[in-house]
Amino acid sequence: MIALRRMRVELAESLLRNPQYDTLSIDEIARHSGFTSALQMRRALGAEQLPPPSTLRARNS
């Protein structure tokens, strides 16, 4: 289960950092990454010592 969450976190991080996916909302990225909600994705990112989704996305600019 932890490995699956880690894979989802890696996908979410990749999508959030990639400017190609800036048109997707944070909720859409969460769903595309296998999370049931943006809140679940945010918690999983935090568990992996990563910043929140909005911060990851802002680093693209």
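Q: Which residue forms a salt bridge with Arg 57, and what counts as a salt bridge?

A: A salt bridge is a side-chain nitrogen of Lys or Arg within 4 Å of a carboxyl oxygen of Asp or Glu. Here Arg 57 pairs with Asp 22, with the closest N and O atoms 3.7 Å apart. Arg 57 sits in helix α4 and Asp 22 in the loop between α1 and α2 (26-32), so this pair ties together parts that are 35 residues apart in sequence. Helices here are DSSP runs (H or I, at least four residues), numbered from the N terminus.

Q: What should I know about the model itself?

A: It's a predicted model: local features need pLDDT of at least 70, side-chain atom pairs count only at pLDDT 80 or more, and totals for chains, interfaces and linings use all residues. Residues are numbered from 1 along each chain as its sequence is written, and side-chain values use heavy atoms, leaving out hydrogens and water.

Q: Are Arg 57 and Asp 22 buried or exposed?

A: Buried means under 20% relative accessible area, exposed over 50%, and partly exposed in between (1.4 Å probe, protein chains only). Arg 57, at 17%, counts as buried, while Asp 22, at 39%, is partly exposed.

Q: How many salt bridges are there by this rule, and which residues are linked in a network?

A: The count comes to 4. Arg 5, Arg 6 and Glu 48 are linked in a network. Glu 48 bridges to Arg 5 at 3.1 Å between the closest N and O atoms, and to Arg 6 at 3.4 Å, N to O. Arg 6 lies in helix α1 and Glu 48 in the loop between α3 and α4, so that pair joins parts 42 residues apart in sequence.

Key:
Helices (H or I, at least four residues) and strands (E, at least two) are DSSP runs, numbered from the N terminus.
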